[in-house]
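User: I would like to go through this model step by step, beginning with the fold of one chain and then turning to its partner. Please reason each answer through to the value or name I ask for.

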Amino acid sequence: MFSEFLQYLFTGITIGATYALIALGFTLIYNASHVINFAQGEFLMVGGMATVSLTAMGVPMLLAVVLAVILAGVLGIALQRLAIAPAKNADVVTLIIITIGASIFIRGLAQLVWGKEYHVMANFSSDEPIQVFGAVLNTQSLWVLGVGAILVAVLVYFFTRTLTGKAILATSMNKDAARLVGIRTQVVLMLAFMVSALLGSIAGIVVAPITFTSYDIGIILGLKGFVAAAIGGLGSGMGAVVGGLALGVVEAMAAGYLSSDYKDAVAFSMILLVLFFLPRGLFGAKVVERV
Amino acid sequence: MAQLSQFRLKGLLILAIVIFAVPLFITNPFHYGLATQIALIAGAVVGLNLLVGFAGQISLGHAGFFGLGAYFSAITTSTYGWSAIPALVVGAIGVAIIAWVVGRPILRLKGHYLSMATLAVGFIIAIILNNEREITGGPDGMPVVPFDVFGWELSPFGQYTLFGMEISGDLAWYLFAGVILLVAVWLAQNLIDSPIGRALRSVHGSEVAASVVGVNTAKYKSLVFVISAVYASVMGALYAHYQGFVTPAIAGFDFSIILITMVVLGGMGSTIGVIIGAVVLELLPQLLADFQDMEMVLFGLILMLTMIFMPKGLLPTAANLLAKRRKKSAGGDV
């Protein structure tokens with residue numbers, strides 16, 4: 001009984017950590033630009049796919065990871081510069097459609113370069129799983145959790161201790177005021193997209209050995225990240241982490257105890273329930289609207 | 001106001017001429033099939049535009065209602081032997097009730113939270129259709145009997161006589177879908193010109209201001225949500241009969257995105273514009289199919305570029321250009 005529960009919990013926390021990282025990427029871009037980036041999942045796909053194909057070409061693992069992350073970062077900057085910045089006065093829905101167009105474009109490119117097959121990435125360390133109270137813990141899960149925790153710590157440090165991080169925060173609070181004190185807000189927006197892409201690609205790389213990877217995994221991962229960010233409250237970093245973990249655990253429990261066919265339905269029902277009672281998510285800021 | 005409704009009447013007339021002129025240019029059954037599909041989907045998009053373009057509320061789950069209507073008709077007519085019209089009406093009433101129950105709480109949400117909630121509703125419907133294999137046939141879908149009126153059947157494979165002329169089932173279905181689209185547009189335009197339409201536009205302008213002058217914003221938002229869901233349900237039911245087959249894909253997230261993209265691409269708030277959006281977005285993959293592997297890249301690129309350079313949509317942008325040019329040729333200084 002307990003071992004079964006523990007097993008579902010491990011699965012849930014692992015995938016939840018991934019959702020949390022995607023949600024953090026959403027949050028970053030949302031805070032800086034108020035854009036919901038539907039291409040967020042593509043950063044994960046690019047990270048995973050580029051690493052797999054580079055290692056297959058004989059590039060050492062570590063170098064492949066670094067190159068894949070750089071590629072995603074460049075993609076993030078390009079997305080902001082070429083697609084979001086020129087449309088700055090567009091409606092919310094129009095911006096959503098632009099990011100959807102971007103995600104289709106990136107997916108199309110990935111399909112051209114890497115094909116339509118599923119790709120398998122080897123575990124980073126031992127394939128031998130660890131036994132904990134009768135439950136099995138994949139070593140890759142530890143990598144996901146460890147890397148996730150480090151990234152969150154780095155982000156906290158970045159936003160509270162560095163000038164660049166504070167500049168992004170300032171821009172998200174009040175763009176005009178930020179510009180007045182000499183912050184170049186266009187650069188800040190670019191940075192936000194880049195950091196978000198870096199986060200996404202790293203998440204995509206560490207989770208690839210568990211989920212496999214293919215050109216079209218980005219859609220559903222991106223949507224789950226959006227759900228996690230909305231549960232936590234858009235714009236809240238803390239909310240993104242809590243929302244991601246909660247979503248992962250609920251999904252794993254639903255798949256284990258109810259039905260794996262309906263695990264996504266449970267996830268989407270959960271977001272509806274949360275929004276019925278807390279229209280701004282768990283940690284969403286109470287914004288007073290000015291008329 | 002008289003001028004406005006005259007303008008609207010002109011739009012309806014032009015649409016009617018275009019719809020009935022199309023058969024003069026196509027002969028191929030495949031093209032009729034495409035044109036019929038476009039007309040039916042455009043009908044659903046006209047309904048969605050009432051919600052998005054006029055009331056300013058985003059729905060990323062509208063295919064869910066299209067799918068519900070389609071499956072309700074499919075199951076009741078094909079499995080239980082109902083006649084098509086009662087099935088379509090009961091399905092639409094059912095969808096209206098569901099939309100009203102779901103709409104009340106989620107329309108309180110704003111902006112991205114509303115997108116999220118509608119997306120979730122659409123996903124839940126698609127997941128149920130995918131998994132209740134006993135009733136819906138699961139991911140493989142299910143066959144649907146042809147549309148019938150009082151025992152008279154309309155099938156794309158039949159032969160019919162209209163005003164003494166022999167016409168093929170493909171053409172008959174196309175004309176039927178065209179008439180349905182005209183009715184859908186006429187109803188939508190009447191709604192827009194009614195007090196309800198004015199209330200909706202005030203909600204779009206500023207919800208707070210609307211409620212200050214006494215518009216019951218919650219009521220009107222739910223109402224237009226229900227109306228747009230009913231549009232989707234009816235068109236979904238007809239689509240199911242026309243195709244003769246339904247799969248859960250018509251309720252899925254991708255199709256929801258296609259529907260809202262048609263609205264935004266054609267021009268939010270312009271009934272004729274969103275029909276153009278539907279035509280363009282349905283024809284584009286056909287044109288790009290020749291590029292095979294490049295299809296997805298080109299589709300994404302065209303979608304992105306159009307929205308970046310014409311954020312107001314195709315028809316409003318074209319209308320603006322035309323107006324500017326007319327001013328210039330009239331010798332105005334501006």
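**Fold and interface**

Analyst: In this predicted model, the elements of chain A run, from the N terminus on, α-α-α-α-β-β-α-α-α-α-α-α-α.

User: How many helices and how many strands are there in chain A?

Analyst: The order of elements from the N terminus opens with α-α-α-α, passes through β-β and continues with α elements to the end. Counted by kind, chain A therefore holds two strands, with DSSP runs of at least four residues taken as helices, and the number of helices is 11.

User: What radius of gyration does chain A have, and what would a compact globule have?

Analyst: The C-alpha trace of chain A spans about 60 × 50 × 35 Å along its principal axes. Because a compact globule with 291 residues would have a radius of gyration near 19 Å, the value for chain A agrees with that expectation, being 19 Å.

User: What percentage of the contacts in chain A with a separation of 6 or more is between residues 24 or more positions apart?

Analyst: Of the 291 residues of chain A, 49% count as buried. Among contacts with a separation of 6 or more, the share from residues 24 or more positions apart is 76%.

User: Which helix gives the largest share of the side of chain A that touches chain B?

Analyst: In the contact between the chains, 37 residues of chain A meet 33 residues of chain B. Helices H4 (92-114), H9 (218-232) and H11 (263-277) of chain A each supply at least two residues of that side. By class, the side of chain A that touches chain B has 28 nonpolar, five polar and four charged residues. The largest share, 15 residues, comes from H4(A).

Key: Residues are numbered from 1 along each chain as its sequence is written. Chains are lettered from A and ligands numbered from 1 in the order in which they are written. This is a predicted model: local features need pLDDT of at least 70, side-chain atom pairs count only at pLDDT 80 or more; totals for chains, interfaces and linings use all residues. Two residues are in contact if their C-beta atoms, placed from the backbone, lie within 7 Å. Ala, Val, Leu, Ile, Met, Phe, Trp, Tyr, Cys and Pro count as nonpolar, Asp, Glu, Lys and Arg as charged, and the others, Gly among them, as polar. The radius of gyration is taken over C-alpha atoms; the globule rule is 2.2 Å times the number of residues to the power 0.38. A residue is buried if 20 or more other C-beta atoms lie within 10 Å of its own, exposed if 12 or fewer, and partly exposed in between; C-beta atoms are placed from the backbone.
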